[in-house]
Amino acid sequence: MTRDPRYDILFEPIRIGPHVARNRFFQVPHCNGMGYRDPSALAAMRGMKAEGGWAVVCTEMVEIHHGADVAPYVELRLWSDHDIPMLARIAEKIHEHSSLAGIELCHSGYTANNLWSREVPIAASAMPTGSYFNDPVQARQMDKEDIRNLRRAHRKAALRSREAGFDLVYVYAGHGLGIFQHFLSRATNYRNDEYGGSLENRARLLREVIEDTKDAVGDSCAVPVRIAMHEFQGAAGLEPAEVEDAIAMMAELPDLWDLSLSDWSHDSQTSRFSEEGFQEPYIKGVKKLTTKPVVGVGRYTSPDAMVRVIRRGIMDMIGAARPSIADPFLPKKIEEGRLDDIRECIGCNICITHDFTMTPLRCTQNPSMGEEWRRGWHPEKIRPKEADAHVLIIGAGPAGLEAARALGQRGLQVTIADKASEAGGRVAKECRLPGLSAWGRVRDWRMLQIAKMPNVSLYLESAMTPETIAELGADHVLLTTGAAWLRNGTGRHILSSANIADGADILTPDDLMNGKRPAGRDVVIYDDDHYYMGGVLAELLRKEDYAVTLVTPSATASSFTKASLEQKAIQKRLIGLDVKIEANRGLVGIARDHVILDCVFTGNPSKLAAASTVLVTARAPVDDLFHALAATGIAATRAGDCYGPGTIAAAVHAGRKFAEGFGLAEPDHLDLPFRREVTGLA
Ligand code: ADP
Ligand code: SF4
C-alpha cells in the first residue's frame, strides 16, 4: 500500500538547527520508570520508536547534577563522565534507524528532594520542595554563585550529551519540573535581584542557559527549549499571554520550541477528561512569534488531525509521547497507508502509573512496550509458529483477543468463542461508562486485525462447556474467561466478608454495567478498589439522579489515580456533581436501610443511611470452566483476569505472553527470556 497524498505534508523533512529531521513525527521526552536502572531496556524502547519512523526520538528528563536528584523516581542521570556510555547506547539505538536523538537535560530546582544525594535543594526562591509524599525538605534560594554553578553544570552536561552522540540538547522549562520554568514564573520566583521581578528578569536565566548551550554544542547539536504555556494557577502563575511574551523575547534563540502544559497532570490529560488536540487553545499563538519549528502535543493519533494542525499553522512537528508508546510504528503505518493498523492510544495513563511506581513502563494497547529488550518482544513482529496447531480460546476479552491476534499472526489456527453477543469482554462494558469510550479501541484494534486473518475464527453467543470444548478437539485450550466483582465486601479493608443482612440491596459494578440499577435513590458506593471504577460509577449514578455517597477507606476518592494523574480531576468532578465523599471509612456491614462503617484510624463505628449499596471491592476469577475441564482430563491454560484479576493492560499482556510462549519446549513464564541488567560493582 502507498500513502494517501493528503498525508504527504507529514513526511516533509524539517530543519532543526544543524540537523534535518526526515519527517514531522517527534517523540517528545517522556518518563518510563526504567531510567538509569534499566539502560539497555530503555535504549531498546527508544530504538523501537526510531524503527517505527519517529524522526526525532528523545530521552526522558535527565538529571544533570547530583545536587538536583529526583529519587526515588528512576530517571536518567548525567552527573559525570561515568554516565556517558549509558546515554551513548540510547543515542546509538536511535541512530541505527536514522532518527535524530534528543536529550532533555533537567535541573529540577525545588522539585528535587535530593533524597539520594542529601544535598540541600536549590531553587529560584526558598520554599518547601514540591513532593508527592510531602517530604520534610525545603529548598534554599540560589545566590549568584549557585547560578554560575548551575550554568556550568548545564554546560558540562550539554558537552557530555554531545559526546554521547545526541543531536538535540534540550533546555527544559516545562511541567513545573525544570528550574528555568521556576525562575520564569512569578508563582515560584520572589527574587528582587536581576533574576526576579519583571518578565525580562525572570527570563534571564533561561536566556543565559540557551546561550550557554548554543555556545557549548550549537555547532553540531540543535538546542530546543521545552516550555510550559500555562500553569493553571490563575494570574499568579504562567499563562499563555505572558509565556508568549517570553518566547517573543527569545524567539530565534533556540532551534525549536517544544510546547507543553504544567503541571504534568495538565499536560498528560486522560481521555476521560480531554479530547485529542486538547492543547491547541494554549499553544496556537506561538508559531507567529518565531521562524523556528514548533512542536506541540495533544494525544494525536489521527493523521487528519495532524495535517490540520500543521496546515492551520499551530505546529510544525507532531509531538507525541503516549501515541508513540501505544504505537511506536504510527509514522510508518501512515507512510505505508495502513491506517487501520494504527494502535491508537486510549488515553488511560497506565504508562504514567509506572513512572510513579518506579517500574518499567507498560501500555494497555501495546503489550510489547517495555518488553523490547528484556523479553525480546516487538510491537509488529512475532516469530512464526514452530508447528501447526489449533488453539481454542474461550473468552474474547482483552486477554483472549490479544492471544488470538498474536497466535494468528504466528500462523496458528485459532478459534475464539465467547458467550456474549459482542466481543471485548470487560472492555466492551467499561467503554460505555462515562468518559471511557476511547477504551473501546483495545477491542476495536484487535477485532480489525483478527478480521484480516483467515486462520482466526470468532464465534459469539457461544457459551462453552467441557462437552462443547471436547467436541471441537483443539490441540490446546486457553481460558480467558475473566473475573467477576465480589458482592460480599471482601477487599483491602476487610479480607473476610462484611456482615450483610438478608434483603439488603447489593449491586456490583458488573450489575451496573449489565444495566441493573439500585432499588432506592440513596446509594452508597463503597470503593475499596481505589482505581477508576468507584469514581466512574458515582458519576454514572449521579448523572441518573441518584443521591450518591462514595465511601472509601482511603483519604481521597479513587486514590490510585494519583499515579494516573487524574485524582484531582476526578475528585473535582465528583464534588461538582454533588457526590458526597466519606473518606477514611471502611465497610463493616450492610443492613436494609443503612451501611455500618468504621473509622480506619480508631475503628469507631458509624451508620450511614442507604437504600442500596454498590460494592467496588475485589474481583474473583471466573474459573469454574477451568476446574470442570480439569475433572474431565482436558488440559487448559488460564490467562488474564481469570488467572489473576488485574488491569486491562495486564490482561492484554497476558494474552501476548501466552502467544509468545506457545510452542516453546517449556512455555512456563519462568523460562521465557527475561533479561535484567545487574549493576556493575564500583
Ligand atoms: P480478560 O480481561 O481476562 O480478557 P474479560 O472479563 O474481559 O477477561 O473477558 C472474559 C470473557 O469471557 C467475557 O466476554 C465472557 O463473556 C467470556 N466467557 C466467560 N465464560 C465463558 C464461557 N464458559 N464460554 C464462553 N465465553 C465465556
Ligand atoms: Fe495510551 Fe494508555 Fe498506552 Fe499510555 S498506557 S500510551 S495512555 S494506551
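In these legends, residues are in contact when their heavy atoms lie within 4.5 Å, and the model shown throughout is a predicted one.

**Figure 1. Surroundings of arginine 573 in helix H20.** Arginine 573 belongs to helix H20, which covers residues 567-576. Leaving out residues up to four places away in sequence, arginine 573 touches Arg272, Phe273 and Glu539. Its relative accessible area is 27%, and because the class between 20% and 50% is called partly exposed, arginine 573 is described as partly exposed. Arginine 443, which is 130 residues away from arginine 573 in sequence, has its C-alpha atom 27 Å from that of arginine 573.

**Figure 2. The chain as a whole.** The chain contains 22 helices and 30 strands. Its radius of gyration is 26 Å, close to the 26 Å that the globule rule gives for 682 residues, so the chain is as compact as a globular protein of that length. Taken along the principal axes, the box filled by the C-alpha atoms is roughly 75 × 65 × 55 Å. Of the 682 residues, 61% count as buried, and the accessible surface comes to about 26200 Å², with 51% of that area belonging to carbon and sulfur atoms. When contacts between residues at least 6 apart in sequence are considered, 71% of them join residues at least 24 apart. The chain carries 79 positive and 89 negative charges, and the mean positions of these two sets are 2 Å apart.

**Figure 3. The largest nonpolar core and phenylalanine 180.** In soluble globular proteins, nonpolar side chains tend to be buried together. In this model the largest nonpolar core has 106 residues, and those with the most contacts inside it are Leu10, Phe180, Leu206, Ile227, Met229, Leu259 and Ile334. Setting aside neighbours within four places in sequence, phenylalanine 180 is in contact with Leu150, His154, Val171, Tyr172, Ala173, Leu205, Leu206 and Val209. Another core, of 35 residues, lies apart from the largest one, and Ile350, Val523, Ala538 and Leu574 are among its members.

**Figure 4. Helix H7 and the elements that cover it.** Helix H7 runs over residues 240-249, and within this helix Pro240, Glu242, Val243, Glu244, Ala246 and Ile247 are buried. The cover over the buried residues of H7 includes three helices, namely H4 (179-184), H5 (199-202) and H9 (280-283), together with strands S11 (224-228) and S12 (256-260).

**Figure 5. Threonine 613 in strand S28.** Threonine 613 is placed in strand S28, which consists of residues 612-616. With a relative accessibility of 2%, threonine 613 counts as buried, since the cut-off for that class is under 20%. Not counting residues up to four places away in sequence, threonine 613 touches Asp505, Ile506, Leu507, Val524, Ile590 and Val595.

**Figure 6. Arginine 308 in helix H10.** Helix H10 is formed by residues 303-311 and contains arginine 308, which counts as partly exposed at 34% relative accessibility. The C-alpha atom of arginine 308 is separated by 43 Å from that of glycine 644, a residue 336 places away along the chain.

**Figure 7. Two cis peptide bonds, at proline 72 and at aspartate 263.** Most residues other than glycine have a negative phi, and most peptide bonds are trans. The peptide bond from alanine 71 to proline 72 is nevertheless cis, with omega near 15°, and proline 72 sits in the loop between strand S4 (56-63) and strand S5 (76-77). The bond from serine 262 to aspartate 263 is also cis, with omega near 0°; aspartate 263 is found in the loop that joins S12 to helix H8 (264-267).

**Figure 8. Two asparagines with positive phi, asparagine 114 and asparagine 134.** Asparagine 114 has a positive phi of about 55° although it is not a glycine, and its place is the loop between strand S6 (100-106) and strand S7 (122-123). Asparagine 134 likewise has a positive phi of about 55°, and lies in the loop between strand S8 (127-128) and strand S9 (138-141). As regards burial, asparagine 114 counts as buried at 2% relative accessibility, whereas asparagine 134 is exposed, with a relative accessible area of 66%.

Key. Residues are numbered from 1 along each chain as its sequence is written. Chains are lettered from A and ligands numbered from 1 in the order in which they are written. This is a predicted model: local features need pLDDT of at least 70, side-chain atom pairs count only at pLDDT 80 or more; totals for chains, interfaces and linings use all residues. Side-chain values use heavy atoms; hydrogens and water are left out. A nonpolar core is a set of buried Ala, Val, Leu, Ile, Met, Phe, Trp, Tyr and Cys residues joined through side-chain atoms within 4.5 Å. Buried means under 20% relative accessible area, exposed over 50%, partly exposed in between (1.4 Å probe, protein chains only). Helices (H or I, at least four residues) and strands (E, at least two) are DSSP runs, numbered from the N terminus. The radius of gyration is taken over C-alpha atoms; the globule rule is 2.2 Å times the number of residues to the power 0.38. Accessible areas come from the Shrake-Rupley method with a 1.4 Å probe; for residues, only the protein chains shown count as cover. Lys and Arg count as positive and Asp and Glu as negative; His and the chain ends are not counted. The place of a charge is taken as NZ of Lys, CZ of Arg, CG of Asp or CD of Glu.
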